[in-house]
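User: I would like to go through this model step by step. Please show it before we begin.

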Amino acid sequence: MPSPISAPQKCLSKDAFKVQLITEAITVVIGLVVLAVLYYLDNRFAWKEWIGWGLHGLLVIGVIATIWSFVEPYFLYKSWRYDIDEDFLQMKFGVITERHFLVPMTKIQAVSTKQGPILRKYGLYTISIKTMGSSHEIPGLPGDVAAQLREQIAHYAKLKEVEE
């Protein structure tokens, strides 16, 4: 009988919470500006009444989405876990729907790091893992941890290809 696989234990950087919060705030501001422009145009050009009701509905949805967007980063930070060994890469995340991915090293085809402007400000990276049928990401890792993890995944994946 194979040995049981333990749950992943490694966490994201604490700054990953701030990055996610800033990203969500930018998204909310853009959405609210678009909604404000639509309200102005509706008032200025006296569009049909049903358009006004549609905008009211979008406003309600926008307010709920705004509240969730400031709560969600906390839950994502608390729930995100990852781990790696010679056989598998594990990722577990999710609040309402918990997802647990177990990626065999033999299936990994490419691994890379990326860094956008907000991640750069906090010195964080996102690791992208590509397999034949899917791609996965581990967001918000410090630069040294991301580089080490990328190299470790590449090493394990290469070792498995040579052995088989």
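**Spans, sheets and core**

Analyst: Residues 53-71 are 100% helix and 0% strand, and the end C-alpha atoms of this span lie 28 Å apart. Helices (H or I, at least four residues) and strands (E, at least two) are DSSP runs, numbered from the N terminus. This is a predicted model, in which local features need pLDDT of at least 70 and side-chain atom pairs count only at pLDDT 80 or more, while totals for chains, interfaces and linings use all residues. Residues are numbered from 1 along each chain as its sequence is written, and side-chain values use heavy atoms, with hydrogens and water left out.

User: Which feature does UniProt place at residues 53-71?

Analyst: The unreviewed UniProt entry marks residues 21-41 as well as 53-71. UniProt positions are given in the numbering used here, feature names are shortened, and annotations may be inferred rather than shown by experiment. The name in the entry is "transmembrane region".

User: How far apart are the end C-alpha atoms of helix α1?

Analyst: The expected span of a helix is 1.5 Å times one less than its number of residues. Helix α1 covers residues 15-45, which is 31 residues, so at 1.5 Å a residue it should span 45 Å. The model agrees, with the end C-alpha atoms apart by 45 Å.

User: Which residues of α1 are buried?

Analyst: Buried means under 20% relative accessible area, exposed over 50%, and partly exposed in between (1.4 Å probe, protein chains only). The cover over the buried residues of α1 includes α2 (49-79), α3 (117-121), β5 (124-131) and β6 (135-142); contact means heavy atoms within 4.5 Å. The buried residues in α1 are Ala16, Val19, Glu24, Val28, Leu35 and Asp42.

User: Which strands stand at the edges of the open sheet?

Analyst: Two strands pair if DSSP finds at least two bridges between them. Three strands form an open sheet with antiparallel pairing, in the order β1-β2-β3. Each edge strand has a single partner strand, so one side of each is left without a neighbour in the sheet; these strands are β1 (81-84) and β3 (99-104).

User: Which element gives the largest share of the largest nonpolar core?

Analyst: A nonpolar core is a set of buried Ala, Val, Leu, Ile, Met, Phe, Trp, Tyr and Cys residues joined through side-chain atoms within 4.5 Å. The largest one has 24 residues, and Leu89, Ile138, Leu141, Leu149 and Ile153 have the most contacts inside it. Elements giving two or more residues include α1, β5 and α4 (143-163). The largest share, five residues, comes from α4.
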